[in-house]
Amino acid sequence: MKVDDLVERARKLKEKGLTIGEIASELNVSRETAMWLLAKVREDKVISDVYVDLRAISNPYRMRSIANAIADMIYETVDENPDVVVGIATSGIPVATFVAESLDADLSMYYPKKLKWEGEESRVGGVFSENFAKVDGKNCVIVDNVITTGNTIRETIEHVRNRRGNVLCSAVIIDKRGLSEIEGVPLLSLFKIVRI
C-alpha cells in the first residue's frame, strides 16, 4: 500500500470520528505514525514504521487457523492452563476470541489507553470490559494482532497484575519490534519484522 493511500485512509477514519489511538489501531501503526499521516508531514520528517494489512485473514476460517497456530505456540510455551484470554481492543479481539475457543478459556477484553488518547495522555487509562470474563486471580494469556512498540502489551500486563492476575505469556500475529519478552512475560509471535 502506498503512503498516499494510508494518508487518505487515516483522514477518512478521522472524519468518521475515530481518535488518533483508534486510527493507529485500525491501521496497525504507532500513534506517532497516525499523527504523521494526519498531518502529512512527509517532506521534512521520516517515520520508521511498517504498515501491516491483515484484511486477507478477515475470513473466519483463516482467522481460526491463525488462532489455532497461536494457541499451539501457547501450549508449547506455558506449563499452566490459561483460565482467561485477554483480547486487546479492537483489532486483537477477533483472534483472541478464536484463541480462547482453542484453549478452552474464557475471554476478557481490554481497552488500552491509546484508544482514548487525544492529547493529555496523563489523564487517560485503560479499562477492562465489564461484559467479559474477569482476570482477577486468574492465569491469563494476552492476545493482540500486531505489536508496534510493545507499550499496549506492557500496559495490559500491568493492569492484569494490578488485579492479581498471572500473565503466562502474550501472543501476537506480527511483532514489528523483534521482542521475545515484555516485563518478564514471554512474547510469542507468528511473524517478526526485522529491519536490516
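The following conversation concerns the fold, the central sheet and the cavity of a predicted model.

Colleague: What does the protein chain contain in terms of helices and strands?

Modeller: This is a predicted model, and its protein chain has six helices and seven strands.

Colleague: Which pattern do they follow along the sequence?

Modeller: Read along the sequence, the pattern is α-α-α-α-β-α-β-β-β-α-β-β-β. Four helices thus precede strand 1 in that pattern.

Colleague: Turning to the sheet, what is the order of its strands?

Modeller: The seven strands form an open sheet in the order 3-2-1-4-5-7-6, and the pairing is mixed. Strand 3 (127-128) and strand 6 (181-182) are the edge strands, each pairing on one side only.

Colleague: What does "mixed" refer to in general?

Modeller: Strands of a sheet pair through backbone hydrogen bonds, and the pairing may be parallel or antiparallel.

Colleague: How many bridges join strand 4 to strand 5?

Modeller: Eight bridges join strand 4 (residues 139-147) to strand 5, and the two run parallel. Within this pairing, V141 stands opposite C169 of strand 5.

Colleague: And how many join strand 5 to strand 7?

Modeller: Five bridges link strand 5 to strand 7 (residues 185-192), again with the strands running parallel. Here S170 has L187 as its bridge partner in strand 7.

Colleague: How many residues of strand 5 are buried?

Modeller: Strand 5 spans residues 166-175, and nine of its ten residues are buried. In the sheet order, strand 5 lies between strands 4 and 7.

Colleague: What share of the whole protein chain is buried?

Modeller: Buried residues account for 47% of the 196 residues in the protein chain.

Colleague: What about the exposed surface, and how much of it comes from carbon and sulfur atoms?

Modeller: The protein chain exposes about 10200 Å², of which carbon and sulfur atoms supply 48%.

Colleague: What proportion of the contacts join residues at least 24 apart?

Modeller: The figure is 61%, taken among contacts between residues at least 6 apart in sequence.

Colleague: A change of topic: how many cavities of 30 Å³ or more does the structure hold?

Modeller: The structure holds one such cavity. About 40 Å³ of space lies in the largest cavity.

Colleague: Which residues line the largest cavity?

Modeller: The lining consists of S108, F128, S129, E130, A133, K134, V135 and R163. One of these residues, F128, belongs to edge strand 3 (127-128).

Colleague: How does that lining divide by class?

Modeller: The lining of the largest cavity has three nonpolar, two polar and three charged residues.

Notes: Residues are numbered from 1 along each chain as its sequence is written. This is a predicted model: local features need pLDDT of at least 70, side-chain atom pairs count only at pLDDT 80 or more; totals for chains, interfaces and linings use all residues. Side-chain values use heavy atoms; hydrogens and water are left out. Buried means under 20% relative accessible area, exposed over 50%, partly exposed in between (1.4 Å probe, protein chains only). Contact means heavy atoms within 4.5 Å. Accessible areas come from the Shrake-Rupley method with a 1.4 Å probe; for residues, only the protein chains shown count as cover. On a 1 Å grid over the protein atoms alone, a cavity is a set of points where a 1.4 Å probe fits but cannot get out, and a pocket is an open set with protein on both sides within 12 Å along at least five of seven lines; lining residues have an atom within 4 Å of a point. Grid points are joined across faces, edges and corners, and a volume is the space filled by probe spheres set on the points. Ala, Val, Leu, Ile, Met, Phe, Trp, Tyr, Cys and Pro count as nonpolar, Asp, Glu, Lys and Arg as charged, and the others, Gly among them, as polar. Two strands pair if DSSP finds at least two bridges between them.
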